[in-house]
Amino acid sequence: MDKSPGARTDAGDEMRLVARIRAGDQFALSELYDRYSNIVYGVALRVLQDTGAAEDILQDIFLQLWRKPDAFDSSRGSLGAWLAVIARHRSIDRLRQRRPESNIEDCVIAGGTDLRDETERSLVIERVRVVMNEMSPGQRTAMEMAFFEGLTHTEIAEKTGEPLGTIKTRIRSGLQMLRARFAG
């Protein structure tokens, strides 16, 4: 059988390697790593756009395969496809973890002890609050979810049950309202 990287492997060969992993054979894991690491890494890199994070996903997936080889069910497809799907899901989970988790009011803005700067900052914050309070409840909610919770337009639409176009319009008009108030 041709073992070159582009060669197609049969399910029986994959199952024999998985069985050897169950028995604790590190060489079997090494062989599977040689076959499929490029696929796993490529999928993770395509999703994450970060080599370090893609390498972490690669390591996590093969460690999972080593610890729980029974998680692979050959009746549902090939090992390569299964590993690629896991890489995609893990990468998407990693992207979701990157979203800021902190509340905007918990954020500390570095600044000097110049009282004029502090006073000016307080006035700006107060102006933003006044403008936000003048917005319709739906618009204010969309703005808060986008800028304080870090949600995307699609996530806001899903969470509120509103059409995506409505969410985009509310955020755009809210930003225009803020710009107009601050320009004048």
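With a relative accessible area of 10%, Ser37 is buried in this predicted model. The assignment follows because buried means under 20% relative accessible area. Ser37 belongs to helix H2, which spans residues 26–48. Beyond its neighbours within four places in sequence, Ser37 is in contact with Leu32, Leu58 and Phe62.

Two of these partners, Leu58 and Phe62, lead directly to the packing of H2 against helix H3, since both are listed on the H3 side of that contact. Helix H3 covers residues 51–67, and its axis runs 8 Å from that of H2, at an angle of about 145°. The crossing of H2 past H3 is right-handed. On the H2 side, the contact is made by Gln26, Leu29, Leu32, Tyr33, Tyr36, Ser37, Val40, Tyr41, Ala44, Leu45 and Leu48. Helix H3 contributes Thr51, Ala53, Ala54, Glu55, Ile57, Leu58, Ile61, Phe62, Leu65 and Trp66. Sorted by class, the residues of this H2 and H3 contact are 17 nonpolar, three polar and one charged. Ser37 is thus a buried residue that also takes part in the contact between H2 and H3.

Attention now turns to helix H1, residues 11–22, where Asp13 is found. Asp13 is buried as well, its relative accessible area being 9%. The side chain of Asp13 is joined to that of Arg35 by a polar contact of 2.5 Å.

Further along the chain, helix H7 (residues 153–160) meets H8, with the two axes coming within 9 Å and crossing at roughly 115°. This crossing, too, is right-handed. His153, Thr154, Ile156, Ala157 and Thr160 make the contact from H7, while Leu164, Ile167, Lys168 and Ile171 make it from H8. The contact of H7 with H8 comprises five nonpolar, three polar and one charged residues.

Helix H8 extends over residues 164–183 and also holds Arg170. Is Arg170 buried or partly exposed? At 23% relative accessibility, Arg170 counts as partly exposed, because buried means under 20% and exposed over 50%. Setting aside residues up to four places away in sequence, Arg170 touches Gly138, Gln139, Ala142, Met143 and Glu162. In addition, a C-alpha separation of 9.5 Å is found between Arg170 and Met135, which lie 35 residues apart along the chain.

Notes:
Residues numbered from 1 in each chain as written. Predicted model: local features only at pLDDT ≥ 70, side-chain atom pairs only at ≥ 80, totals over all residues. Heavy atoms only, no water. Helix = DSSP H or I, 4+ residues; strand = E, 2+ residues; numbered from the N terminus. Buried < 20%, exposed > 50% of the residue type's maximum accessible area, 1.4 Å probe, protein only. Contact = heavy atoms within 4.5 Å. Axes fitted to C-alpha atoms, helices over the stretch in contact; angles between N-to-C directions. Left-handed = near helix turned anticlockwise from the far one by under 90°. Nonpolar A, V, L, I, M, F, W, Y, C, P; charged D, E, K, R; others polar. Polar contact = N/O pair within 3.5 Å; in protein donor to acceptor, adjacent residues only side chain to side chain.
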